[in-house]
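Visitor: I am new here. Could you take me through the reasoning behind the labels?

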Amino acid sequence: MQAKKTLMLALLPAGILAAQSSSAFDVVEAGQPVVTGEPSRVGAPWNHRSTFNIPGTNTDVAFGGYIKFDAIYDFDYDLGDSTDPLAAASESNATDGRTTFTASESRLNFRTQTRFGDEMLRTYFEGHFLPDEKFNLRHAYGEYNGFLAGQTWTNFMHFLGTPRILKLGGPIGYATGRPEQVRYSHQAGANTFAVALENPESSISDLGAGGTVDENFEVPDLTLRYQYKRHFGISGVVRQFTTESAVSGQDESATGFGMAAQGALPLGGRTTLKGNLMVGSGLGSYLDYVPPAGAQYRAPDAFLAADGSLEAVDLQSYGISLDHRWNADWSSSIGTSLVNQDLPDDAPALQGMTDTVQFSHVNLIWDVNDRLTVGAEYQFIDLEKVSGEEVDASRVMASAQFHF
């Protein structure tokens, strides 16, 4: 463990020192979303796409996506195709060394926009091949006059403080999720305000002696978000958890709430300091990209204690990173994030779950041209379970991403 931590410390200073578009679609700067879709954290900006008009209509369409090939070597634990830090909590994933080649992160998307005078109606559809190498839905929504309905990124999350990283989804502890929702957004100059009602996706654990938990979602999650340019954003969420328990025979409820904030501070013309914060209660389902295989090691949003009461789990996460562009083609990112979940130490059912997890990365990325990006990244995970057991894991990955 000490040797791997020494390697990470040695790499940190190195990381710090070391298109075609149609007139119908506005060109956006790199890293900003097109429509309300996900910005590219790794490759070229999404405006590098051909669009065409449906003859005789005011509707333009665009088809795009990318092919992403990842070559991965795990030193200690198999962390999966998408780098799940919580996979290190399972001894079944232990390895003396494992090589994986995968293209499962590759994705396809289709978008339209139709002009009605000065107004625009937009639609967006996207899927990828995670986690089972089958085509799975990521986004499907429509947007008109500030109103959005469908499935897309939660209004609780931000992109502006997320580092440029090869790992899918960014560091752990950065709020994320793609729930079904209805949202209204209003832009006033450099300020953006948004409010949404979202599908209440959550996890409730039963700590009682036998029996089951029947989750009952009575009301949707309420999220609010404010963002100033690409510099700062803050959001809040209020949630309700309810259950019918075969253990207590009583209906129980608990309230979850939280705040998330991100910021990006330019340090000269080539370096940006980025920060992330998420704190609250009942936020476990917002942990950045936890696939189903790792969800059992994530803290539940709430747990049903042996006495029949329903308790929301407190969570805090912090992240900091530096993104540096060496020149027009080469860039690096270095950073670390820490998540702490406050679970009862004396609950036998939760001993194997994660109490704290730290994820660190350093990379070097080459933008060969507007549509091709290659890079290499070192990732380090330091994890502690509720039982007190400590685990660490290291991964090296190289990626090639072809945009179309």
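Visitor: What makes Asn145 stand out in the hairpin of β6 and β7?
Guide: Asn145 takes a positive phi near 55° there. This hairpin has 2 residues between the strands. Keep in mind that the model is predicted.

Visitor: How do you know that β6 and β7 pair?
Guide: Pairing needs at least two bridges between two strands. Strand β6 (residues 136-144) and strand β7 (residues 147-151) are joined by 5 bridges, so they count as paired. They run antiparallel. Across from Tyr141 stands Gly150 in β7.

Visitor: Which strand does β7 pair with over 5 bridges in the antiparallel sense, with residues 180-188?
Guide: That is strand β8. Here Phe147 stands opposite Tyr184 in β8.

Visitor: Why is Tyr184 called partly exposed?
Guide: Its relative accessible area is 33%. Buried means under 20% and exposed means over 50%. Tyr184 falls in between, so the label is partly exposed.

Visitor: What makes Tyr184 eligible for a nonpolar patch?
Guide: A patch residue needs over 30% relative accessible area. Tyr184 has 33%, so it passes that cut-off. Tyr184 belongs to a nonpolar patch on the surface, whose members include Phe147, Val182 and Leu197. Together the patch residues have about 790 Å² of accessible area. β8, β9 (191-198) and β12 (221-228) each supply at least two of its residues.

Visitor: Why is the aromatic pair of Phe193 and Tyr226 called tilted?
Guide: A search of the whole structure finds 10 aromatic pairs. In the pair of Phe193 and Tyr226, the centres are 5.2 Å apart, with 45° between the planes. Centres must lie within 6.5 Å. Under 30 degrees would be stacked, and over 60 edge-to-face. The angle of 45° fits neither, so the pair is tilted.

Visitor: What makes this pair a tie between parts of the chain?
Guide: Phe193 lies in strand β9 and Tyr226 in strand β12, so the pair ties together parts that are 33 residues apart in sequence. Phe193, at 40% relative accessibility, is partly exposed. Tyr226, at 23%, is partly exposed too.

Visitor: How do you know that Ser394 is buried?
Guide: Ser394 has 1% relative accessibility. The cut-off is under 20%, so Ser394 counts as buried. Ser394 sits in strand β22 (residues 390-403).

Visitor: What makes the link between the side chains of Ser394 and Tyr378 a polar contact?
Guide: The distance is 3.0 Å. The limit for such N or O atoms is within 3.5 Å, so the distance satisfies it.

How values were computed
Residues numbered from 1 in each chain as written. Predicted model: local features only at pLDDT ≥ 70, side-chain atom pairs only at ≥ 80, totals over all residues. Heavy atoms only, no water. Helix = DSSP H or I, 4+ residues; strand = E, 2+ residues; numbered from the N terminus. Buried < 20%, exposed > 50% of the residue type's maximum accessible area, 1.4 Å probe, protein only. Polar contact = N/O pair within 3.5 Å; in protein donor to acceptor, adjacent residues only side chain to side chain. Patch = residues over 30% accessible without salt bridge, like charges linked within 9 Å, V, L, I, M, F, W, Y side chains within 5 Å. Areas by Shrake-Rupley, 256 points an atom, 1.4 Å probe, with all protein chains shown as cover. Salt bridge = Lys/Arg side-chain N within 4 Å of Asp/Glu carboxyl O. Phe/Tyr/Trp six-rings, centres within 6.5 Å; stacked < 30°, edge-to-face > 60°.
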